[in-house]
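User: Please give a close account of one part of this structure, chosen so that it leads from one chain to the other. I should like the answer to be a single connected explanation that a first-year student can follow.

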Amino acid sequence: MARYIGKRLIYMFITLALIATFTFFLMKILPGSPIASADKLSPEQRAVVEARYGLDQPLPVQYFDYMFGLLQGDLGISINQFKGADVTDVILSRMGPSAQIGFQGMLLGTVLGILFGMVAALRQNTWVDYGSTIVAIIGISIPSFVFASMLQYWLGLKWDLFPVALWKDGFMSSVLPSIALAMFPLATAARFIRTEMIEVLGSDYITLAKAKGASGSEIAFKHAFRNALIPLITVLGPMAVSILTGSLVVEQIFAIPGIGEQFVKSIMVSDFSIIMGTTIFFSVFLIVVILIVDILYGVIDPRIRLSGGKS
Amino acid sequence: MEKILQVKDLELSFHTFGGEVKAIRGVNFDLYKGETLAIVGESGSGKSVTTKSIMRLLPEATSEFKNGEILFGGRDLTKLSDKEMQKIRGKDISMIFQDPMTSLNPTMPIGRQITEPILKHQKISKDEAKKVAIDLLRLVGMPKPELRMKQYPHQFSGGQRQRIVIAIALACNPQILIADEPTTALDVTIQAQILELMKDLQKKIDTSIIFITHDLGVVANVADRVAVMYGGKIVEIGTVDEIFYNPQHPYTWGLLSSMPSMDAEDAKLYAIPGTPPDLLDPPKGDAFALRSEYAMKIDMEQPPPFFKVSDTHMAATWLLHPEAPAVEPPEMVIERMKKFPGSRYYEGSAN
């Protein structure tokens with residue numbers, strides 16, 4: 001197991017280096033300059049500012065400078081968005097709200113989704129099943145920003161249950177964005193669990209469990225549930241991505257000072273080091289999620305446990 | 001002998017999109033204590049459905065008991081509630097399935113799968129149940145059972161898995177063990193081992209076995225009595241010798257003729273012509289009539305009743321009616337009958 005994880009860490013490193021390289025050059029191709037109101041500056045003034053951030057250097061030099069800093073864990077300093085602040089500090093200070101709504105959304109979504117899926121499978125072709133199908137279709141087809149606005153309007157404005165936006169009331173502020181983020185994982189989990197539960201419930205070992213005298217709930221929870229979870233783990237990765245991309249939009253709508261919101265703004269103002277830093281941060285997050293997913297497989301499915309050499 | 005299970009006039013249908021499939025159309029048999037009753041027949045003859053209906057393992061939404069009763073311990077199993085059935089399943093009646101590769105839960109250690117019915121039906125502690133499970137594994141011939149309790153099904157071979165399934169089935173010393181083609185998915189050498197094991201265990205715990213198979217070689221090996229099923233009915237039932245050496249129903253003749261034989265000179269294998277009847281719209285008379293060269297006019301119109309051949313032997317064919325013309329069974333069957341005292345071709349040289 002340790003060897004397997006070690007191997008994966010090396011791959012992670014290579015992946016990150018590639019992502020950093022691609023992002024770096026793609027960003028440089030983009031039109032626009034991080035120096036705001038660059039037009040109003042005289043060429044001399046511009047040269048001074050560019051020199052300060054190393055933007056006057058030839059591209060390869062900039063690239064190697066950046067990668068060298070990255071190796072040492074230095075993400076550089078913000079050019080204009082947070083003038084002169086260390087990118088690592090910016091990201092860390094912004095992580096809290098994002099992590100909170102992301103985690104809450106994911107948790108709420110998967111738990112409810114699993115529940116809906118289970119109930120739908122056990123009460124197949126009843127109104128419970130159809131109801132959960134409708135919820136799932138809505139969750140998948142309606143984008144999170146539409147949900148976000150609806151939640152703001154009904155739960156926030158009309159019924160005044162939760163704050164409409166901003167990050168001022170602690171947990172209460174996080175409720176609506178979390179729900180908005182939860183819809184996609186909820187819908188995905190519900191569909192996957194339903195399909196898989198129905199398949200598992202029809203398998204031979206469930207019949208054998210029945211033949212042992214197991215009751216309906218014992219069969220569902222002791223025998224079927226764990227087996228039905230296996231494919232859900234596969235979509236945990238894409239779900240995490242949806243939480244990330246969802247948070248880019250949702251944080252904007254709810255005016256939450258999170259990474260997503262900051263990332264979107266940094267692109268608008270071409271703050272190179274913030275864009276790079278956030279991209280790398282998101283990449284690390286995703287790669288770690290994928291690693292966790294692969295390890296989870298082994299935990300849930302003993303047949304996969306031995307892969308990657310002996311533990 | 002003590003009757004442990006009685007199936008009387010059992011009729012069962014499946015509701016499908018195509019209509020009502022009459023899968024069992026009046027099945028009668030008794031199971032005696034300690035005996036092995038083999039149910040043979042081709043795919044779709046209703047043998048698996050019969051036993052699954054005894055265990056009530058058929059999907060309740062689509063299957064329906066139309067008539068008859070299954071008497072066990074003074075109770076009619078067709079009328080019991082789910083809760084009451086759960087107390088019988090795995091304790092009094094248990095089952096071994098066809099495919100050991102899929103009948104164990106892949107994500108549960110086998111130890112827990114064996115202790116599950118023990119803990120469910122007996123009031124003993126987990127540690128005691130574990131000991132029982134280890135003893136069971138030893139009983140079914142699993143080497144180093146203590147070490148293997150924590151392993152998962154994928155760490156065992158097919159034959160070993162079927163041994164585990166047998167251990168699970170025997171966990172509560174059931175009165176009836178239903179084996180639904182337990183050797184079909186195994187290769188021949190393992191088949192023989194599993195059959196030996198089952199015979200051994202039956203002696204040890206004195207259980208009755210209903211053995212479903214379409215392999216007549218296996219039947220000859222394990223059964224005391226044989227019921228031949230066709231088109232959702234039993235067409236002939238008798239002791240294993242009676243069925244093998246004095247068969248009366250043309251379908252049984254066909255089955256026996258289609259058994260490959262080592263000493264047959266002309267090595268062409270016989271196959272019964274035609275296909276099994278469509279149970280969405282079962283034939284009016286004898287279900288086998290359309291495939292039988294011995295069919296008479298009445299076979300097309302009226303289903304034959306059971307005619308008694310001996311105290312233990314009955315067959316549902318009009319050929320046994322006193323007014324029926326005498327027909328010659330296939331030569332291969334006559335050869336067999338010559339060895340059977342009491343058959344009309346008996347030559348006096350038994351075995």
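Analyst: Helices here are DSSP runs of H or I with at least four residues, strands are DSSP runs of E with at least two, and both are numbered from the N terminus. The model is a predicted one. On this basis, chain A has 11 helices and 0 strands, whereas chain B has 12 helices and 12 strands.

The part chosen for a close look is helix 3 of chain B, which covers residues 110-121. Two relationships of this helix deserve attention, one within its own chain and one with chain A.

Within chain B, the partner of helix 3 is helix 6, residues 158-170. The two axes come within 8 Å and cross at roughly 25°. Angles under 35 degrees count as roughly parallel, and helix 3 of chain B is therefore roughly parallel to helix 6 of chain B. The crossing of these two helices of chain B is right-handed. From helix 3 of chain B, the contact is made by B:Ile110, B:Gln113, B:Ile114 and B:Pro117; helix 6 of chain B contributes B:Ile164, B:Ala167 and B:Ile168. A general rule helps in reading such lists: an α-helix has 3.6 residues a turn, so residues three or four places apart point the same way.

The second relationship is with the other chain. Between the two chains, 24 residues of chain B are in contact with 18 residues of chain A. Helix 2 (82-88), strand 6 (93-96) and helix 3 of chain B are the elements that each give two or more residues to the side touching chain A. The largest share of that side, 4 residues, belongs to helix 3 of chain B.

The surroundings of this helix may now be described, beginning with chain B as a whole. For its 351 residues, a compact globule would have a radius of gyration near 20 Å, and the value of 21 Å for chain B agrees with this. The C-alpha trace of chain B spans about 70 × 45 × 40 Å along its principal axes, and 44% of its residues count as buried. Among contacts in chain B between residues at least 6 apart in sequence, 65% join residues at least 24 apart.

Chain B also contains an open sheet of 4 strands, in the order 2-1-4-5 and with antiparallel pairing. Its edges are strand 2 (19-32) and strand 5 (75-76) of chain B, each of which pairs on one side only. Strand 1 (residues 3-16) of chain B joins strand 2 of chain B through 11 bridges, and B:Leu5 stands opposite B:Leu31. Helix 1 (residues 47-55) of chain B lies across strands 1, 2 and 4 of that chain, at about 75° to strand 2. Elsewhere in chain B, strands 11 and 12 form a hairpin with 2 residues between them.

Chain A, the partner at the interface, occupies a box of roughly 85 × 60 × 30 Å along the principal axes of its C-alpha atoms. Buried residues make up 34% of its 311 residues. In helix 2 (residues 43-52) of chain A, 0 of the 10 residues are buried, so this helix lies largely in the open. Just after helix 2 of chain A, A:Gly54 takes a positive phi of about 75°.

In summary, helix 3 of chain B packs roughly parallel to helix 6 of chain B and provides the largest share of the side of chain B that touches chain A.

Key
Residues are numbered from 1 along each chain as its sequence is written. Chains are lettered from A and ligands numbered from 1 in the order in which they are written. This is a predicted model: local features need pLDDT of at least 70, side-chain atom pairs count only at pLDDT 80 or more; totals for chains, interfaces and linings use all residues. The radius of gyration is taken over C-alpha atoms; the globule rule is 2.2 Å times the number of residues to the power 0.38. A residue is buried if 20 or more other C-beta atoms lie within 10 Å of its own, exposed if 12 or fewer, and partly exposed in between; C-beta atoms are placed from the backbone. Two residues are in contact if their C-beta atoms, placed from the backbone, lie within 7 Å. Two strands pair if DSSP finds at least two bridges between them. Axes are lines fitted to C-alpha atoms, for helices over the stretch in contact, and angles run from 0 to 180 degrees between N-to-C directions. Angles under 35 degrees count as roughly parallel, over 145 as roughly antiparallel, 65 to 115 as roughly perpendicular and the rest as oblique. A crossing is left-handed if the near helix is turned anticlockwise from the far one by less than a right angle, and right-handed if clockwise.
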